[in-house]
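Here is a walk through a two-chain model and its ligand. Have the sequence and the 3D view open side by side as you read.

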Amino acid sequence: MKALKIIVLAKQVPDTRNVGKDAMKADGTVNRAALEAIFNPEDLNALEQALRIKDMVPGSTVTLLTMGPGRAAEVIREGMYRGADNGYLLTDRKFAGSDTLATSYAIATAVSKMEYDIVVAGRQAIDGDTAQVGPQAAEKLGIPQVTYVEEVEKVDAKGLVIKRRLDNGMERVKAPLPVLITVHSSAPDCRPRIAKNVMKFKHARTLTELQDATEDYSQMINNRPYLKINEWSVADIGADEEALGLSGSPTKVKKIENVVFKANEAMVIQANDKEIESLIVELIENHTIG
Amino acid sequence: MNNIIVYCETNGNSVAEVSLELLTKARSLSGQLKVQVEAVIIGNDLKGLEDQLYAHGASIVHKAEDSRLEFYQTLPHTSIVVEIFRKEEPQICLFGATPVGRDLAPRIASSLKCGLTADCTSLEIGDHYEKKTDTTFKDLLYQIRPAFGGNIVATIINPGTRPQLATVREGVMKREETNPVVKGKIKNWNVSEIAKKDDFVIEIIERQIEEKRVNIKGSQIIVAGGYGVGSKENFNLLFQLADVLGAEVGGTRAAVDAGYIDHDRQIGQTGVTVRPKLYIACGISGQIQHRAGMMESSMIISINTDASAPINSIADYVIVGNFSEIVPKMIKYYKKNSK
Ligand SMILES: Cc1cc2nc3c(=O)[nH]c(=O)nc-3n(C[C@H](O)[C@H](O)[C@H](O)COP(=O)(O)OP(=O)(O)OC[C@H]3O[C@@H](n4cnc5c(N)ncnc54)[C@H](O)[C@@H]3O)c2cc1C
């Protein structure tokens, strides 16, 4: 069958899973700067599914698309180390403050400038856990979506056979191309970096990174075009500025509260027979148990 | 017009629990807003389901029936709900934060260009003053949800777009029937007129949905174990305590990951949310993601070797010690003193 063009949507996120004591400021707020920036976990599951489709259909290409600040180019390099062919970084101050609707508009606008058969996203990102950008981008692209994907089992000219992971079961569906799928964490982990790819892509850079670098890599990148990470601004994708950032975001954050421990007057019970028995008797008498 | 609409899921021949929870919540919000609650229900054969919806406060039930809609499918459901919202112009629409709600609501929000907040744990009505434009927005829906891995709680509003859309976590709202039940009206929608042929391009080949085997959400007493329980065998002790108390057993993610207990018993942000009368936490440190799923419990007993475990700060009773010595004593003294 004909080779497929696969786009993987990936996001760089603060590692909210490891908000340890050192990541909390004295006033109880989260010190985001202290959190490591990582490849969003379910986007790695998404990348793996894309690479498996590429393995199934020789000649296919996997292109990463990420939106974020300049340093999000790290996500693209990481993806290339693991087998992606190239990547695009959507970066512009005008994207800042976008909620999921504005973000999906930006992403869909960028995707529609590219050729694609399949768009693969992670189900959700761990900084917001909304799971909204994938379906909203699919709607804006006018293509069907399959969410909570555990495995793309089969690829042929008619489309994909996909297994979905639901709350208490599974569903198998057949989807035509083009389609957008979002991959669940129960899908296989992403393959590790491939040493050969690390050697090949470790100098891959965006234009901005090149300008900021102390050494001049431009010669090298001119000689080896695969080292160029494409960088797109709002103007490059021809997006409507009004539909981006704060003005394009219908949701507003009214208030943020840190979850701080409310010290509570707990009654301390000694672990001896007498005190445990009297606790149990109390619970029986006030009808909590029994 | 400008009522609150709840998108209701079905499973087989009943309405999903989360949808009834949302109708109950919508009822209390509608009281504040002086509007009515409506329900949307889509499927193949929905005969009789309206009674459950009336019983939870819906005064209008929007029904869309079609033989092709035996199971949920994104595109036709989107077309139908978008059409209903366009015609009925609700001010607020609620969905369960289930795989269905989280698949459907964003597609609808994008189509209507409306704001949507995911996974809310609390909803309130309130005003908002916007400095920049010196405008006060009256009676907005405050959509309250944990974010940033549960480390912060954010209040989100959609001042400028209608309807205000939110998905709400299962189990966080209490379900209650109305008394007396007021019989409402059915409004039928013609699926073939609304859904396009292209809406059916995704074909469901197979579905295997297991009945929920455990029902920790519905249990009044929960004995929960964490990583500190140490092994699958040690969990038997918790099952014994649960057995004598008529309780269910739950666990933390660390206990699930270690294979001590099944995934469907996980409590917390990525598991189920529970609000039992009594929660007995054994060998649980009480990280924020776990607390998110149990802190609404009426009473919490913590059994932990570490007197300064974070869970102790939300507990009503703290027993400092090894659960493997304490739990058998609880069983013994319960047997002795009950009946
Ligand atoms: C995005 C995200 C989502 C998450 N979702 C969830 C979720 O839904 N649910 C959840 O539970 N976790 C969740 N977690 C994980 C959570 O952060 C904690 O890692 C987990 O809850 C810790 O489990 P624990 O208390 O069992 O283990 P630990 O933190 O290891 O605590 C074990 C406790 O046992 C005590 N102990 C040890 N031996 C004994 C003994 N013999 N007798 C009595 N006490 C003893 C110790 O003092 C300690 O307090 C999530 C994390 C992230 C990042």
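Helices here are DSSP runs of H or I with at least four residues, and strands are E runs of at least two, both numbered from the N terminus. With that in hand, His287(A) is easy to place: look in the segment after α9 of chain A. His287(A) has a positive phi of about 65 degrees, although it isn't a glycine. Keep in mind throughout that this is a predicted model.

**The ligand site**

Where does the ligand lie? You'll find it between chains A and B. A shell of 27 residues surrounds the ligand, and the closest are Tyr227(B), Thr252(B), Thr270(B), Ser285(B) and Gln289(B). By residue type, the shell splits into 18 polar, 6 nonpolar and 3 charged.

Three polar contacts with the ligand are worth pulling up on screen:

| Residue | Atom on the residue | Ligand atom | Distance |
|---|---|---|---|
| Tyr227(B) | backbone N or O | oxygen | 2.6 Å |
| Gln266(B) | side-chain N or O | oxygen | 3.3 Å |
| Thr270(B) | polar side-chain atom | nitrogen | 2.6 Å |

On its own the ligand would expose 990 Å², and the protein buries 81% of that. Which elements give two or more residues to the shell? They are α7 (253-257), α8 (288-291) and β17 (299-304), which belong to chain B.

**Where the chains meet**

The size of an interface is often given as the accessible area lost when the parts come together. For chain A and chain B, the buried area is about 6500 Å², with carbon and sulfur atoms giving 58% of it. Chain A puts 74 residues into the contact, and chain B puts in 77.

How many salt bridges does the rule find across this interface? There are 5 between chain A and chain B. One to look at is Lys332(B) with Asp273(A), where the closest N and O atoms are 3.7 Å apart. Polar contacts cross the interface too, in 31 residue pairs with both partners at pLDDT 80 or more.

On the chain A side, several elements each supply at least two residues to the face that touches chain B, among them α4 (133-141), β7 (145-156), β8 (159-166), β9 (169-175) and α9 (273-285). The largest share comes from α9(A), with 9 residues. So what does the chain A face consist of, going by the nonpolar, polar and charged classes? The residues there divide into 37 nonpolar, 18 polar and 19 charged.

**Backbone oddities and a salt bridge within chain A**

Besides His287(A) and its positive phi, a couple of cis peptide bonds deserve a look. In chain A, the bond joining Leu177(A) and Pro178(A) is cis, with omega about -5 degrees. Pro178(A) sits in the loop between β9 and β10 (179-183) of chain A. In chain B, the peptide bond from Arg162(B) to Pro163(B) is cis as well, with omega near 0 degrees. Pro163(B) is also in a loop, between β10 (152-157) and β11 (164-168) of chain B.

Searching the whole structure turns up 33 salt bridges over all chains. Take Lys54(A) and Asp85(A) as one of them: their closest N and O atoms are 3.0 Å apart. This pair links distant parts of the chain, 31 residues apart. Lys54(A) is in helix α1 (residues 41-56), while Asp85(A) is in the loop between α2 (73-81) and β5 (86-90) of chain A.

Technical notes:
Residues numbered from 1 in each chain as written. Chains lettered and ligands numbered in written order. Predicted model: local features only at pLDDT ≥ 70, side-chain atom pairs only at ≥ 80, totals over all residues. Heavy atoms only, no water. Near = heavy atom within 4 Å. Polar contact = N/O pair within 3.5 Å; in protein donor to acceptor, adjacent residues only side chain to side chain. Areas by Shrake-Rupley, 256 points an atom, 1.4 Å probe, with all protein chains shown as cover. Nonpolar A, V, L, I, M, F, W, Y, C, P; charged D, E, K, R; others polar. Contact = heavy atoms within 4.5 Å. Buried area = accessible area lost by both parts, 1.4 Å probe. Salt bridge = Lys/Arg side-chain N within 4 Å of Asp/Glu carboxyl O.
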